[in-house]
Amino acid sequence: MDSLKRREIRLGNATEPDVKESFVYFPENLAPWPEIEDFKESFIDVFHNFTILLHRILEVLALSLDLEREFFKKHHCTLERQGGTVMRTALYPKMPDDFKKTDGQLRCSEHTDWGTVTVIHQDNVGGLQVKTKSGEWIDVKPKDGTFVVQIADLMQRWTSNKFYAPPHRVLKLPDETNSFIGAKRSRFSLIYFGNPDSDTVVQGIDGSKYEPIIASHYYEELNEKASKQGYEETFHHTLDI
Ligand SMILES: O=C(O)CCC(=O)C(=O)O
Ligand SMILES: [Fe+2]
C-alpha cells in the first residue's frame, strides 16, 4: 500500500491516511503505467469519454443558469491544454481480520473536490456519503448504469453559490466494523475530477460573493494550506454556504 504513504504526506498531520489505494492519470503525466495488457489504452479511452460527458454536463449547467452554452465548457480544453483534470481509480480493499486501524482513520475522509464537476462511477458495494446543506449525511446508493455527478469548489465559487459543492466521504464499507473488518467485498470506484484550464479566471457570476481567482492559484493555495495546516483545516476553511 505505497499509496497510503503518499497520501499521508499530502494530508499533513491532521488526519491519518485513508485506507485505500489509488492510481491517478492526467494527460501530461509521465509516470510509468502498470504493466497490464490494454490498461493504458483503455484508461485513456475512458478519460476521453468522461471528458465528452463533462462537456455535456457543463453545457447543461450553463443553460440552466441562462448563460451561453459554452460559458463553462470553453474553459475545459481538457484534452488539449494543461488543466489539472485527473482520473483516479480508488480501491477500498477488504481488510484482513488482524488489521490495526489507527484513531481517526477513515476509508476516505470528509472533503469537497477542488475543481468544477466530478463524475464518479462506483461499483455496487456502497459506502459513499454526501452531506446536505443542513448537515445530514446521506448514502449515495449505487445504481447500475448510472454515474454520480458532483459539484466541486470552483463551480460553487463560479456560480456565486447557486450550485453547492457537497462535502462527501466514505466512512467505512457496508458490513464493516468501525475497525474496517468484516466487509463482504472490496469497493472499487473510478473518479473523474473535471477542472478548468489552469489560467481560467473564475469570477462569480453575480460578481459579489468571492474574489476572482485563477484556477491554478486555487489549487496551489489549497495544496500549500494542506501541507502547512493539515487537510482538515484546509477543508473547513474553503467555502461558506
Ligand atoms: O470513491 C469514491 O466514491 C469517492 C472518492 C472521492 O470522493 C475522492 O477521491 O475525491
Ligand atoms: Fe471527492
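How many residues does helix 2 have, and how far does it reach from its first C-alpha to its last? Helix 2 has 26 residues and reaches 37 Å between those two atoms, close to the 38 Å expected at 1.5 Å a residue, where the expected span is 1.5 Å times one less than the number of residues. This is a predicted model, in which local features need pLDDT of at least 70 and side-chain atom pairs count only at pLDDT 80 or more, while totals for chains, interfaces and linings use all residues. Residues are numbered from 1 along each chain as its sequence is written, chains are lettered from A and ligands numbered from 1 in the order in which they are written, and side-chain values use heavy atoms, with hydrogens and water left out.

The protein chain has five helices and 11 strands; here helices (H or I, at least four residues) and strands (E, at least two) are DSSP runs, numbered from the N terminus. Of the 241 residues of the chain, 48% count as buried, a word that means under 20% relative accessible area, with exposed meaning over 50% and partly exposed in between (1.4 Å probe, protein chains only). Among contacts (heavy atoms within 4.5 Å) between residues at least 6 apart in sequence, 74% join residues at least 24 apart.

Let us return to helix 2, which spans residues 39–64. Its buried residues include Phe39, Phe43, Phe47, Phe50, Leu54, Leu58 and Leu61, and the buried residues of this helix pack against strand 1 (21–25), strand 2 (86–92), strand 4, strand 7 (148–151), helix 3 and strand 9. Glu59 also lies in helix 2, and it counts as buried because its relative accessibility is 14%; leaving out residues up to four places away in sequence, Glu59 touches Arg69, Glu70 and Lys73. After the helix comes Asp66, whose phi is positive, near 60°.

The next topic is the nonpolar core, which is a set of buried Ala, Val, Leu, Ile, Met, Phe, Trp, Tyr and Cys residues joined through side-chain atoms within 4.5 Å. In the largest such core there are 31 residues, of which Leu61, Phe72, Val117 and Met155 touch the most other members. Two or more residues each come from helix 2, strand 4, helix 3 (153–158), strand 9 (187–194) and helix 4 (215–229), and helix 2 gives the most, with nine residues. Met155, when residues up to four places away in sequence are not counted, touches Leu58, Leu61, Phe72, Gly115, Thr116, Val117 and Phe163. Another core, of 14 residues, lies apart from the largest one, and among its members are Tyr92, Cys108, Ile191 and Phe193.

Which strands pair with strand 4? Two strands pair if DSSP finds at least two bridges between them. Strand 4 pairs with strand 7 in the antiparallel sense over four bridges, with Val148 as the bridge partner of Ile120, and strand 4 also pairs with strand 9 in the antiparallel sense over six bridges, with Phe193 as the partner of Thr118. Strand 4 is mostly covered, since five of its six residues are buried. In strand 9 we find Leu190, which counts as buried because its relative accessibility is 15%; beyond its neighbours within four places in sequence, the contacts of Leu190 include Phe43, Val46 and Phe50, as well as Val119, Ile120 and His121.

Strand 5 (residues 128–131) offers a second example of pairing, for it joins strand 8 in the antiparallel sense over three bridges, and Gln129 has Arg169 as its bridge partner there. Strand 5 also pairs in the antiparallel sense with strand 6 (residues 137–139), over three bridges. These two strands, 5 and 6, form a hairpin with five residues between them, and Gly135 in the turn has a positive phi of about 90°.

Finally, we come to the iron ion (ligand 2), whose protein donors are His111 (NE2), Asp113 (OD) and His168 (NE2), at 2.1 to 2.2 Å from it. Asp113 lies in the loop between strand 3 (108–111) and strand 4 (117–122), and His168 in strand 8 (residues 168–170), so the pair ties together parts that are 55 residues apart in sequence. Donors are N, O and S atoms within 2.8 Å of the metal (3.2 Å for Na, K and Ca), and because water is not among the atoms, sites may look incomplete. Asp113 and His168 are both buried.
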